[in-house]
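The exercises below ask you to read a structure step by step, each with a worked solution. Try each task on the structure before you read on.

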Amino acid sequence: MDASGRESGAPAGPGQEPAEAGRDTLVVWDDDLLGYDFGPHHPMHPVRLALTMELAARAGVLATPGLTRAAGSLATDQLIELVHDPAYVAAVRHVGAPGGGNPRLAAMFALGTSDNPVFRGMHEAAASATGATLTAARAVWSGTHRHAVTIAGGLHHAMRAGASGFCVYNDPAVAIAWLLANGASRVAYVDVDVHHGDGVQNAFYDDPRVLTISLHQSGRTLFPGTGFPAESGAGDAEGTAVNVALPPGTGDAGWLRAFSGVVPVLLRQFRPDVLVTQHGCDTHALDPLADLRLTVDGQRASYDALHELAHEVAGGRWVACGGGGYALETVVPRAWTHLLAIAAHAPLPVDRPLPTEWREAAPGRVGVATGRGPARDDAAIAAMPTAFGDGGGPVTYRGWDAGEGDPDDPLDRAVAETRREILPLHGLDPWRDR
């Protein structure tokens, strides 16, 4: 590997075609990824990852033919610094080391806050999450696997020289930078977290090789306060930053309508070599930190749509990451088990019952890990969902058709504003192209 992050044996060179995608799906996981832990009372507790992997195992997803598992590796400073300032990486390493408690140094880089408290081994934990996403990107780019999933990734808020929004290192951005350094001509990134994918957008705001699309609750009502249609990229990259700012209260039908009006048309025009996606499931109605109203069924529909688009526009080369999601036992494990199953080409029915033993144990696991409750809480068990879906019937929505939609509908106005801002920059007609 040279100073740019290029690795020997990886596809490289102007105009070179990416490697042929393999048939298999890779899941990058090992228990070391549970070390990214801000403490028992922090919203993003790693118990959600453990419960996801246990549910996926009990559901038989991890035994799907063609699915393989691999541990990640610790991302080197050299690779992390494809995106992050070396001084910031050094500070993360220092403040998380024994005896490294330096409040002044931490404050310089937005560490030691309630969102991003310092913890022992912070650098190693964040580098492990980044290394897992890099392992996924390498597998897809080299052609050993068609799809690769890392539920511990998706830490999309971290900035070049600072932590933000529970994110220390920006693993999706590092993986995209690695793909570019190793021969990718175009990479598309689609972010369906409830929060704007600001860190990834900022990392490539002036790079025309990267298309970033974020669908999120409007920054007028939610952190980080950004992600409006006019944030469209700079210089030669104008039009490659795409933001759909959704009104609070948007549910499955509205969210999927918005997706249909923006994501497919732009991905088909851009034709990326690789599709990288972030699947924060904090869009769910039960999530405590935001105000969208999706169900697990609607989230599953978005994963299915992105999977199909990866095959259509990127030769199947798909790197999928986790992200936000703070309904630790009721939402996250079900949503991301669906993601793993779809990536393995073995989707689960939404009406399939949850495994009884897992369902009864999950609330207690969360209660003990977070200090919220006892090891067994019958009331919490009774409140648990009983199936892999939310039982609302088939997810239906009205896809975006030619024209602007309903000008009196806040959702349609948001979609139309993004289309008017972005589509002409790609030579597309916002009134006609779908």
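**Exercise 1. Describe the surroundings of Asp282.**

Solution. Begin with the place of the residue: Asp282 lies in the loop between strand 7 (274-278) and helix 9 (296-313), where helices (H or I, at least four residues) and strands (E, at least two) are DSSP runs, numbered from the N terminus. The model is a predicted one, in which local features need pLDDT of at least 70 and side-chain atom pairs count only at pLDDT 80 or more, while totals for chains, interfaces and linings use all residues. Residues are numbered from 1 along each chain as its sequence is written, and side-chain values use heavy atoms, with hydrogens and water left out.

Next, take the accessibility: Asp282 counts as buried because its relative accessibility is 0%, where buried means under 20% relative accessible area, exposed over 50% and partly exposed in between (1.4 Å probe, protein chains only).

Then list the partners. Contact means heavy atoms within 4.5 Å, and, leaving aside neighbours within four places in sequence, Asp282 is in contact with Asp193, Val194, His195, Asp287, Ala290, Gly324, Gly325 and Tyr326. With one of these, His195, the side chain of Asp282 makes a polar contact of 3.2 Å; such a contact is a pair of N or O atoms within 3.5 Å, of which, within protein, one must be able to donate a hydrogen and the other to accept it, and residues adjacent in sequence count only if both atoms are side-chain atoms. Finally, the C-alpha atoms of Asp282 and Val332 are separated by 8.2 Å, although these residues are 50 apart along the chain.

**Exercise 2. Compare the length of helix 9 with its expected span, and find what its buried residues pack against.**

Solution. The expected span of a helix is 1.5 Å times one less than its number of residues. For the 18 residues of helix 9 this gives 26 Å, and the end C-alpha atoms are 26 Å apart, so the two values agree.

Turning to the buried side, the residues of helix 9 that are buried include Val296, Tyr303, Leu306 and Val313. The buried residues of this helix pack against strand 3 (147-150), strand 4 (187-191), helix 8 (252-270), strand 7, strand 8 (318-321) and helix 10 (332-343).

Last, look at the two ends. At the start of helix 9, a side-chain oxygen of Thr295 comes to within 3.2 Å of the backbone nitrogen of Asp297, and just after the helix Gly315 takes a positive phi of about 60 degrees.

**Exercise 3. Follow the chain from strand 1 to strand 2 and state the handedness of the crossover.**

Solution. First establish the pairing: strand 1 (residues 25-28) and strand 2 (residues 67-70) run parallel and are joined by four bridges, while two strands pair if DSSP finds at least two bridges between them. Between these strands the chain passes through helix 1 (residues 47-58), and the β-α-β crossover is right-handed, meaning that, with the strands pointing away from the viewer, the path from the first strand over the helix to the second runs clockwise.

Now consider the helix itself, which is mostly covered, as nine of its twelve residues are buried. These buried residues pack against strand 1, strand 2, helix 10 and helix 11 (356-370). Just after helix 1, Gly60 takes a positive phi of about 85 degrees, and this glycine is partly exposed, with a relative accessible area of 33%.

**Exercise 4. Describe the aromatic cluster that contains Phe119.**

Solution. A pair of aromatic rings is described by the distance of the centres and the angle of the planes. Rings of Phe, Tyr and Trp (its six-membered ring) pair if their centres lie within 6.5 Å; planes under 30 degrees apart count as stacked, over 60 as edge-to-face and the rest as tilted. By this rule the model has seven aromatic pairs.

Take Tyr36 and Phe119, whose edge-to-face pair has 6.1 Å from centre to centre and 80 degrees between the planes. Tyr36 sits in the loop between strand 1 and helix 1, and Phe119 in the loop between helix 4 (103-108) and helix 5 (122-142), 83 residues apart. Phe38 and Phe119 also pair edge-to-face, because their ring centres are 5.4 Å apart and their planes stand at 90 degrees. Together, Tyr36, Phe38 and Phe119 form one aromatic cluster.
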